[in-house]
Amino acid sequence: MESVATKNITKTRNANWRDYLELTKPRVVALLLLTAVVGMCLATEELVSLNVLVPALIGIGLMSAAAAAINHLVDRHIDAKMARTLRRPLPQGNLSPTKVTVFAASIGAIGFVTLYAWVNPLTAWLTFASMVGYAVIYTMFLKRATPQNIVIGGLAGAAPPLLGWTAVTNEINAPAVLLVMIIFTWTPPHFWALAVHRAKDYARAEIPMLPVTHGIDFTKTCIFLYTILLTVVCLMPFLIGMTGMIYLVGVSLLNAIFLAYAWKLKYAPSKKTAFNMFAFSIWHLMLLFVILLVDHYV
Ligand code: HEM
Ligand SMILES: CC(C)=CCC/C(C)=C/CC/C(C)=C/COP(=O)(O)OP(=O)(O)O
């Protein structure tokens, strides 16, 4: 059945700046940038030069925002079918696909040039690859093709600590890859908890997310197993001597809470457990990266 929003998809009203801001997924990009800052800080014993920090954040931020806007563009028809995404600027007809294309291309190009000219070509190309990974490989293909979509696509969203690291060092090193691995293993519990909560939405939009293709119970098992894997991966920075006790204690506490959520979701759920776990996942990652920073400087 065609939704009201689908019918109105080409009817635009005057756009305002809030519509453009929403296209960029600002809270997601803010967290991505925090992980990039931490990547930069951990890459050197000295303070990061503002000459690198500022253009790197502008470039990574603009290219992530461009990727998010392309995701809104490509997904506008399925976003119109889901209660969570129905109010977005494209399904509402507040912005036309042409305006969004021009906006995404402009900020993406400015971001790339900023990184290439003021940071280094390695960071520019790695950020470009992440942009293509999310906007093209995940959004256009994987999301519609396989329940492993977010596992594979998660690599793009996990890249920013490496992008921050290469901005400072101009090389790819093991500690940065470990930070990427943390976000990579965090993504399935982060997203599948929300997907369990919103399973009907995804079924209606015919998106093959894990709870739709393999059921809620199997998804909860996968969330539990990935949370255990995440706990192990999070110990690695301490085990290789990259971090100290502040990190070990802090991350153990965060992981204990995350594991408790995963256990409750599987074995003793209430109606709110899945959404609460998703909400906590954001605090988990944010605090983990803040703790990495504190551990580095204290
Ligand atoms: C393929 C990987 C990922 C998928 C499929 C995914 C999916 C989602 C979804 C569906 C939402 C809900 C958005 C909404 O309520 O409209 C969300 C929220 C969020 N995600 Fe993710 N996510 C992924 C990776 C990441 C990464 C790498 C980060 C940051 C490092 C991140 C940070 C956030 C934040 C901060 C929110 C809350 C946004 C808000 O309240 O507006 N996500 N994610
Ligand atoms: C350059 C770079 C680092 C690019 C990565 C940029 C980026 C914004 C990654 C975030 C991943 C994310 C929010 C996925 C959700 O997409 P979805 O389509 O499954 O969720 P939705 O239904 O809320 O749109």
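Here's a quick briefing on a few helix packings, one histidine and the record's membrane spans in this structure. Keep in mind that the model is predicted. Helix α10 (residues 160–169) turns up twice below: helix α3 (residues 26–42) comes within 7 Å of it, axis to axis, and helix α8 (residues 121–145) comes within 9 Å.

**Helix α3 against α10**

- The two axes cross at roughly 40°, and α3 and α10 are therefore oblique to each other.
- As for handedness, the crossing of α3 and α10 is right-handed.
- On the α3 side, the contact uses Leu32, Thr35, Ala36, Gly39, Met40 and Leu42. Facing them from α10 are Pro160, Pro161, Gly164, Trp165 and Val168.
- Sort the residues of this α3–α10 contact by type and you get 8 nonpolar, 3 polar and no charged.

**Helix α8 against α10**

- Here the axes of α8 and α10 cross at roughly 165°. An angle over 145 degrees counts as roughly antiparallel, so that is how α8 runs relative to α10.
- The crossing of α8 and α10 is left-handed.
- From α8, the residues involved are Leu122, Thr123, Leu126, Thr127 and Ser130. Their partners in α10 are Leu162, Leu163, Thr166 and Ala167.
- This α8–α10 contact splits into 5 nonpolar and 4 polar residues, with no charged ones.

**Histidine 190**

- You'll find histidine 190 in helix α11 (residues 174–197).
- Its relative accessibility is 17%, so histidine 190 counts as buried; the cut-off for that label is under 20%.
- Setting aside neighbours within four places in sequence, histidine 190 touches Phe278, Ser281 and Ile282.

**Transmembrane regions in the record**

- An unreviewed UniProt entry lists residues 53–74, 95–118, 124–142, 149–168, 174–197, 218–239, 245–263 and 275–294 under "transmembrane region".
- Take residues 95–118, one of those listed spans: in the model this stretch is 92% helix and 0% strand, and its end C-alpha atoms lie 32 Å apart.
- Residues 124–142 are also among the listed spans. That stretch is 100% helix and 0% strand, with 24 Å between its end C-alpha atoms.
- The record's list also includes residues 174–197, the range given for helix α11, where histidine 190 sits.

Technical notes: Residues numbered from 1 in each chain as written. Chains lettered and ligands numbered in written order. Predicted model: local features only at pLDDT ≥ 70, side-chain atom pairs only at ≥ 80, totals over all residues. Heavy atoms only, no water. Axes fitted to C-alpha atoms, helices over the stretch in contact; angles between N-to-C directions. Helix = DSSP H or I, 4+ residues; strand = E, 2+ residues; numbered from the N terminus. Parallel < 35°, antiparallel > 145°, perpendicular 65-115°, else oblique. Left-handed = near helix turned anticlockwise from the far one by under 90°. Contact = heavy atoms within 4.5 Å. Nonpolar A, V, L, I, M, F, W, Y, C, P; charged D, E, K, R; others polar. Buried < 20%, exposed > 50% of the residue type's maximum accessible area, 1.4 Å probe, protein only. UniProt positions renumbered as here; feature names shortened; annotations may be inferred.
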